[in-house]
Amino acid sequence: MLPIQETQKRKSDFKLTDIIPRPSELIAPEVFVPTAVMLLITICTGFYMLLVPDISTQLGIENKGLFFFTHMLSSLFVRFIAGRISDRIGRRKTLLAGVIIFAIATIIMVNVKGMYMFLFCGFVYGVGTGIISPTLMAW
């Protein structure tokens with residue numbers, strides 16, 4: 001064998017219970033909040049992706065990609081700033097701000113009546129997403 005030292009102080013025989021993970025080894029409490037936020041944001045984003053084409057049709061907007069275009073632009077530019085902000089004021093505060101903005105976009109979406117309000121909703125949704133994504137990745 002290789003000349004590698006044993007790391008355990010006391011040698012023991014293999015038992016099946018050694019490979020069964022304990023609950024404390026599966027769920028780390030420090031990542032519960034970002035994981036829960038990511039799950040909920042992903043579910044909401046799925047609903048957005050599903051409903052935006054139908055809402056576009058209902059509002060008479062032929063180009064269904066306009067919403068996603070405004071979302072993408074605002075999200076892209078906000079990400080550069082959001083990472084620095086989360087480094088300065090902390091991940092929790094930045095994440096809370098992003099979730100609040102995301103919730104505002106959802107409330108706007110429920111009450112959207114025209115094309116400009118719809119595109120404004122895409123912008124606000126992109127700002128929320130642009131804040132949440134880098135904050136969660138840096139957590």
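This dialogue goes through the aromatic pairs and a nonpolar surface patch of a predicted model.

Trainee: How many aromatic pairs does this model hold?

Mentor: Rings are paired by the distance between their centres, and the angle between their planes then decides the class. By this rule the model has 7 aromatic pairs. In one of them, the ring centres of tyrosine 48 and tyrosine 125 lie 4.0 Å apart with their planes at 20°, and because planes under 30 degrees apart count as stacked, this pair is stacked.

Trainee: Where in the chain do tyrosine 48 and tyrosine 125 lie?

Mentor: Tyrosine 48 belongs to helix 2 (residues 32–59) and tyrosine 125 to helix 5 (residues 115–138), so that the pair links distant parts of the chain, 77 residues apart. Both tyrosines, 48 and 125, are buried.

Trainee: Why is the pair of phenylalanine 102 and tyrosine 125 called tilted?

Mentor: Their ring centres are 5.2 Å apart and their planes stand at 55°, so the pair is tilted. Phenylalanine 102 sits in helix 4 (residues 91–110) and tyrosine 125 in helix 5, so this pair ties together parts that are 23 residues apart in sequence. Phenylalanine 102 is buried, as is tyrosine 125.

Trainee: Which residues do ring pairs link into a cluster?

Mentor: The cluster consists of Tyr48, Phe67, Phe68, Phe102, Phe118 and Tyr125.

Trainee: Is phenylalanine 77 buried or exposed?

Mentor: Phenylalanine 77, which lies in helix 3 (residues 65–89), has a relative accessible area of 55%, and because exposed means over 50%, this residue is exposed. Phe77 is also one of the residues of a nonpolar surface patch, whose members, including Phe69, Met72, Leu73 and Ile89, together have about 870 Å² of accessible area.

How values were computed. Residues numbered from 1 in each chain as written. Predicted model: local features only at pLDDT ≥ 70, side-chain atom pairs only at ≥ 80, totals over all residues. Heavy atoms only, no water. Phe/Tyr/Trp six-rings, centres within 6.5 Å; stacked < 30°, edge-to-face > 60°. Helix = DSSP H or I, 4+ residues; strand = E, 2+ residues; numbered from the N terminus. Buried < 20%, exposed > 50% of the residue type's maximum accessible area, 1.4 Å probe, protein only. Patch = residues over 30% accessible without salt bridge, like charges linked within 9 Å, V, L, I, M, F, W, Y side chains within 5 Å. Areas by Shrake-Rupley, 256 points an atom, 1.4 Å probe, with all protein chains shown as cover. Salt bridge = Lys/Arg side-chain N within 4 Å of Asp/Glu carboxyl O.
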